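Let's take a walk through this assembly, starting with a couple of residues and then moving out to how the chains meet.

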There are 6 protein chains.
Amino acid sequence: MDAITLVPTNSLLTATPEEGRQLAIKMARLIIKVTQPDEQKRQQLRDVYAHDAIMLIAIGQTVATKFATIAAANHYWR
Amino acid sequence: MDAITLVPTNSLLTATPEEGRQLAIKMARLIIKVTQPDEQKRQQLRDVYAHDAIMLIAIGQTVATKFATIAAANHYWR
Amino acid sequence: MDAITLVPTNSLLTATPEEGRQLAIKMARLIIKVTQPDEQKRQQLRDVYAHDAIMLIAIGQTVATKFATIAAANHYWR
Amino acid sequence: MDAITLVPTNSLLTATPEEGRQLAIKMARLIIKVTQPDEQKRQQLRDVYAHDAIMLIAIGQTVATKFATIAAANHYWR
Amino acid sequence: MDAITLVPTNSLLTATPEEGRQLAIKMARLIIKVTQPDEQKRQQLRDVYAHDAIMLIAIGQTVATKFATIAAANHYWR
Amino acid sequence: MDAITLVPTNSLLTATPEEGRQLAIKMARLIIKVTQPDEQKRQQLRDVYAHDAIMLIAIGQTVATKFATIAAANHYWR
């Protein structure tokens with residue numbers, strides 16, 4: 001398997017929704033890192049994302065799916 | 001990590017479904033802001049969204065996913 | 001925030017699955033209205049949706065996601 | 001609202017998984033009918049679906065989402 | 001309705017996760033069969049899937065959604 | 001059915017979130033293997049994924065969906 005850490009603290013539990021959302025973004029980026037380990041190429045692709053409307057929306061979708069899991073794990077920080 | 005606040009009040013709890021839906025839209029916009037921090041470029045991309053049928057549908061999808069999480073957090077405001 | 005009402009009765013609860021599905025469609029349309037407030041442009045885009053196979057499928061997907069939330073809110077009208 | 005019935009029996013409950021899946025397909029078709037009420041045009045679009053690989057996959061996705069809701073409603077016919 | 005069986009054993013329950021995943025794949029294929037009943041055309045489309053990166057990913061997505069439902073039905077084989 | 005193993009240990013249970021995420025990636029790859037069993041062709045397609053922004057995002061989405069199921073199976077490793 002890959003040597004890249006996929007879940008930064010090896011836990012889905014966070015103190016707050018804000019931190020949960022940051023974790024969702026990090027996990028989204030780490031999956032991309034596994035598929036494209038070359039830092040320079042990822043940087044080029046990031047420039048593509050940031051200027052393409054449909055990709056920005058698609059990134060929002062994948063972060064939303066990850067966040068749903070993290071929120072459930074944390075009982076929605078109720 | 002990014003300095004942008006990702007969850008406005010750092011809570012998924014809202015008084016009403018209407019406010020829950022507003023929160024879903026805000027969170028969708030904040031994820032886009034993290035990926036494209038330049039306000040002027042975001043404005044250009046917003047013009048693209050607003051006139052493209054498939055993008056309007058895609059935005060609806062990502063807001064729906066976020067809203068599902070918020071609604072569960074609020075026990076569906078039952 | 002936008003002055004557009006996002007959840008018509010400010011509730012996810014409906015008497016029947018049929019009404020739940022109507023609510024899902026309304027909420028899908030209201031999100032599109034927030035992103036594209038111009039009625040005339042939305043009408044043009046509706047003509048695009050209605051004649052494009054992949055968009056019809058995509059609309060079905062976003063309504064399905066909204067309906068999942070509404071159905072859970074209503075304990076599936078069991 | 002539309003006069004088209006969106007949930008055939010106004011219930012998500014079915015006797016078996018097979019019937020649940022049939023209901024998911026019917027509901028997917030009814031949403032398309034709401035967006036494109038013209039029978040002849042829908043028939044043309046169906047011909048498009050049936051010969052396009054990505055659309056067949058996309059239809060599978062939307063039926064899967066609807067079926068997830070119906071299955072939960074029926075306690076998975078356990 | 002279609003004469004094609006949509007849920008092979010008319011049950012979402014399987015002995016193991018492996019069998020659950022096989023069921024998810026079968027159900028995904030059966031939905032495609034309903035939309036495109038012609039075996040020869042489906043074979044042509046399968047050749048398209050197998051050589052197109054985005055379609056392989058999309059198939060993975062729809063199987064994942066079906067598997068989520070089957071896994072819940074089986075209490076995750078815990 | 002296919003002779004390819006779809007769930008490596010025939011279990012969704014893992015000791016940690018990190019291992020859960022690795023399992024999600026493996027399961028995503030195994031579904032692709034079922035659809036395209038030829039190793040050489042898969043390698044060619046992997047090169048396509050790794051250099052295409054929208055595909056990287058789409059892979060993230062399908063892994064996120066699988067991980068959601070695995071996380072629920074493991075009670076979110078709480």
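A residue counts as buried here when its relative accessible area is under 20%. B:Trp77 comes in at 15% relative accessibility, so it falls on the buried side of that cut-off. Keep in mind that what you're looking at is a predicted model.

**The segment after helix 3**

Where along the chain does B:Trp77 lie? It belongs to the segment after helix 3 (53–73) of chain B. Its backbone is worth a look too: B:Trp77 is not a glycine, yet it has a positive phi of about 50 degrees.

Over in chain A, A:Trp77 is likewise found in the segment after helix 3. Its phi is positive, at about 50 degrees, although A:Trp77 is not a glycine. With a relative accessible area of 15%, A:Trp77 is buried.

Now for A:Asn74, which has its place in the segment after helix 3 (53–73) of chain A. Buried or exposed: which is A:Asn74? Its relative accessibility is 12%, so it counts as buried. And what does its side chain have for polar company? A polar atom of the A:Asn74 side chain lies 2.9 Å from the backbone nitrogen of A:Thr14. On the oxygen side, the backbone oxygen of A:Ile70 is 2.8 Å from a polar atom of the A:Asn74 side chain. Leaving out residues up to four places away in sequence, A:Asn74 touches A:Leu12, A:Leu13 and A:Thr14. A:Thr14 therefore turns up both as a residue that A:Asn74 touches and, through its backbone nitrogen, as a polar partner of the A:Asn74 side chain, given the 3.5 Å limit for a polar contact.

**Where chain F meets chain A**

Moving out to the interfaces, how many residues does each chain bring to the contact between chain F and chain A? Chain F puts in 28 residues and chain A puts in 31 residues. Together they bury about 2600 Å², with carbon and sulfur atoms giving 69% of that area. There are zero salt bridges between chain F and chain A. Polar contacts do occur, though: eleven residue pairs between chain F and chain A make them, both residues being at pLDDT 80 or more.

Which helices build the side of chain F that touches chain A? Helix 1 (17–35), helix 2 (39–50) and helix 3 (53–73) of chain F each supply at least two residues. Helix 3 of chain F has the largest share, 13 residues. Sorted by class, this side of chain F has 16 nonpolar, six polar and six charged residues.

**Where chain D meets chain C**

Next up is the contact between chain D and chain C, which takes 31 residues from chain D and 28 residues from chain C. The main numbers for both interfaces sit in the table below.

| Chains | Buried area | Share from carbon and sulfur atoms |
|---|---|---|
| chain F and chain A | about 2600 Å² | 69% |
| chain D and chain C | about 2600 Å² | 69% |

Zero salt bridges are found across the interface of chain D and chain C, and eleven residue pairs are in polar contact there (both at pLDDT 80 or more). On the side of chain D that touches chain C, two or more residues come from each of helix 1 (17–35), helix 2 (39–50) and helix 3 (53–73) of chain D. Helix 3 of chain D gives the most, with ten residues. The class split for this side of chain D is 18 nonpolar, ten polar and three charged residues.

**How the copies are related**

What rotation superposes chain F on chain A? A turn of 60 degrees does it, with 0.0 Å of shift along the axis and an RMSD of 0.0 Å. The two copies are thus related as by a six-fold rotation axis. Within chain F, the C-alpha nearest that axis belongs to F:Thr65, 6.9 Å away. The two copies use different surfaces, as 14% of the contact residues of chain F recur in chain A.

Chain D can be laid on chain C by a turn of 60 degrees and a shift of 0.0 Å along the axis, with an RMSD of 0.0 Å. D:Thr65 is the residue of chain D that comes closest to the rotation axis, its C-alpha being at 6.9 Å. Here too the copies use different surfaces: 13% of the contact residues of chain D recur in chain C.

Finally, some chains have no contact with each other. Chain A and chain C do not touch, and their nearest C-alpha atoms are 12 Å apart. Chain A and chain D do not touch either, with nearest C-alpha atoms 14 Å apart.

Conventions
Residues numbered from 1 in each chain as written. Chains lettered and ligands numbered in written order. Predicted model: local features only at pLDDT ≥ 70, side-chain atom pairs only at ≥ 80, totals over all residues. Heavy atoms only, no water. Contact = heavy atoms within 4.5 Å. Buried area = accessible area lost by both parts, 1.4 Å probe. Salt bridge = Lys/Arg side-chain N within 4 Å of Asp/Glu carboxyl O. Polar contact = N/O pair within 3.5 Å; in protein donor to acceptor, adjacent residues only side chain to side chain. Helix = DSSP H or I, 4+ residues; strand = E, 2+ residues; numbered from the N terminus. Nonpolar A, V, L, I, M, F, W, Y, C, P; charged D, E, K, R; others polar. Least-squares fit on C-alpha atoms with pLDDT ≥ 70 in both. Buried < 20%, exposed > 50% of the residue type's maximum accessible area, 1.4 Å probe, protein only.
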